[in-house]
Amino acid sequence: MKHLLALLTLLGTAATLGGQAPVARVGDVSISRELLDENVARVLQGQYQHTRVSEEKLRELRVKELSALIRRQLLVAGAKDRGLALPLAEARLQIAAMEKQLGPEEYQKSLKARGWTKKDHERILAETLLAEKAYQRFILNPSAVSEEEIAAFFKANPERFQWPEALRVQHILLKVSATADAKTWEKREQEAKDLVARLQRGEDFATLASQLSDDPYRVKGGDLGWVHRGRLVEPLETAVWTARVGQLLGPVRSSEGFHVVRVLERRLARPMTLDEARPLIQRELGEKKRLEAEKRFFAEVKSRHAVVILDSSLAHAAP
């Protein structure tokens with residue numbers, strides 16, 4: 001039920017209802033101040049519930065949320081310009097499911113709290129669905145990256161796709177506070193030495209890591225995975241990169257406390273294969289094409305549906 005009530009709250013309309021004051025217009029459709037305030041309040045409740053938000057941050061949030069509302073309305077306008085109809089039947093099916101789960105009385109209460117009729121809700125939801133369909137059809141679909149583009153990019157940029165030298169390291173940290181006195185450091189060092197002795201006698205590293213380590217990787221038996229140069233605190237960094245595979249090191253003192261480590265594997269630097277590089281290339285090229293498609297789409301729609309910001313404090317809002 002909470003999820004459905006939240007959905008009712010999120011499905012704001014870019015058109016003003018009643019006498020609500022507009023903060024922006026997209027073509028002949030106004031975006032109300034009340035709607036913007038609702039969206040900002042939702043973000044504050046979800047992300048900054050226990051944090052005091054500065055005036056500057058609040059202004060940034062308002063600009064960001066207004067930008068999202070402008071984008072939504074431009075998507076709706078662009079979809080209609082291209083002949084896409086409002087998916088009212090789909091919206092009605094979703095609303096029927098909401099009403100069934102909430103119950104008719106609770107659903108009507110939710111509408112009344114927003115000052116909506118059921119017809120308002122149908123239109124608002126249909127516009128939201130239309131905006132999603134427009135984004136998929138006119139921006140995401142044209143941004144698909146072909147196998148030919150991936151292969152060509154891989155061939156043209158071999159230096160970009162290299163596996164660096166890496167070590168697979170197993171790690172136990174006995175943490176010491178930065179403000180601890182000398183006696184505490186001595187006590188923890190002795191605990192680390194005792195731990196090394198237990199490992200040398202054959203006790204399982206993963207078990208001891210899960211029981212004793214102050215490192216978050218204790219849940220993985222202390223396995224840090226593959227570590228590249230420059231990722232570890234000194235002097236631990238130097239110690240592991242000069243160690244042999246299988247060698248047990250420690251205790252190594254750092255600003256964090258005492259480390260006990262074992263180098264499990266070493267992987268030499270080598271070029272990636274096309275299969276290994278494919279997800280990276282697909283993500284990079286896809287993001288570039290998506291941004292270009294967005295720029296073209298919104299520029300074209302804005303040429304017919306002008307965006308006017310009516311509140312000077314929100315002048316930087318843009319799709």
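# Close-up views of two sheets, a pocket and two cis peptide bonds

**View 1. The three-stranded sheet and the helix packed on it.** In this predicted model, three strands make up an open sheet whose order is 2-1-9, with antiparallel pairing; strands are DSSP runs of E of at least two residues and helices are runs of H or I of at least four residues, both numbered from the N terminus, and two strands pair if DSSP finds at least two bridges between them. Strand 2 (29-32) and strand 9 (307-309) are the edge strands, each pairing on one side only. From one strand to the next the twist averages 20°, where axes are lines fitted to C-alpha atoms, for helices over the stretch in contact, and angles between N-to-C directions run from 0 to 180 degrees. Helix 2 (residues 33-47) packs on this sheet, touching strand 1 and strand 2, and its direction makes about 50° with that of strand 2; contact here means heavy atoms within 4.5 Å. Strand 1 (residues 22-26) and strand 9 run antiparallel and are joined by three bridges, and within this part of the sheet Arg25 stands opposite Val308 in strand 9.

Residues are numbered from 1 along each chain as its sequence is written, and side-chain values use heavy atoms, with hydrogens and water left out. Because the model is predicted, local features need pLDDT of at least 70 and side-chain atom pairs count only at pLDDT 80 or more, whereas totals for chains, interfaces and linings use all residues.

**View 2. The surroundings of Arg62 in helix 3.** Arg62 is found in helix 3 (residues 55-81). Its relative accessibility is 17%, so Arg62 counts as buried; the term buried applies under 20% relative accessible area, exposed over 50%, and partly exposed in between, with a 1.4 Å probe and protein chains only. When neighbours within four places in sequence are left aside, Arg62 is in contact with Arg33, Leu36, Asp37, Val40 and Leu314. Gln73 also has its place in helix 3, and with a relative accessible area of 6% Gln73 is buried.

**View 3. The four-stranded sheet.** A further open sheet consists of four strands in the order 5-4-7-6, paired in the antiparallel sense. Strand 5 (223-228) and strand 6 stand at its edges with a single partner strand each, so one side of each is left without a neighbour in the sheet. The twist in this sheet averages 40° from one strand to the next. Strand 4 is joined to strand 5 by four bridges, the two running antiparallel, and the bridge partner of Arg168 in strand 5 is Trp226. Helix 8 (residues 182-200) packs on the sheet, where it touches strand 4, strand 6 and strand 7, and its direction makes about 170° with that of strand 6. Helix 9 (residues 205-212) likewise packs on the sheet, touching strand 4, strand 6 and strand 7, with a direction that makes about 40° with that of strand 4.

**View 4. Strand 7 and its two partners.** Ten bridges join strand 4 to strand 7 (residues 257-267), and these strands run antiparallel; Ile172 has Val260 as its bridge partner in strand 7. Strand 6 (residues 248-254) pairs with strand 7 in the antiparallel sense over five bridges, and Val252 stands opposite His259 in strand 7. A hairpin of two residues joins strand 6 to strand 7.

**View 5. The second largest pocket.** The second largest pocket holds about 160 Å³ of space; on a 1 Å grid over the protein atoms alone, a pocket is an open set of points where a 1.4 Å probe fits, with protein on both sides within 12 Å along at least five of seven lines, and lining residues have an atom within 4 Å of a point. Grid points are joined across faces, edges and corners, and the volume is the space filled by probe spheres set on the points. Of the 13 lining residues, His171, Leu173, Asp215, Glu256 and His259 are the closest to the centre of the pocket. Strand 4 (residues 166-175) supplies the largest share of the lining, with three residues.

**View 6. Two cis peptide bonds.** The peptide bond from Glu234 to Pro235 is cis, with omega near 5°, and Pro235 lies in the loop between strand 5 and helix 10 (236-241). The peptide bond from Gly250 to Pro251 is also cis, with omega near -5°, and Pro251 is found in strand 6. Most peptide bonds are trans.
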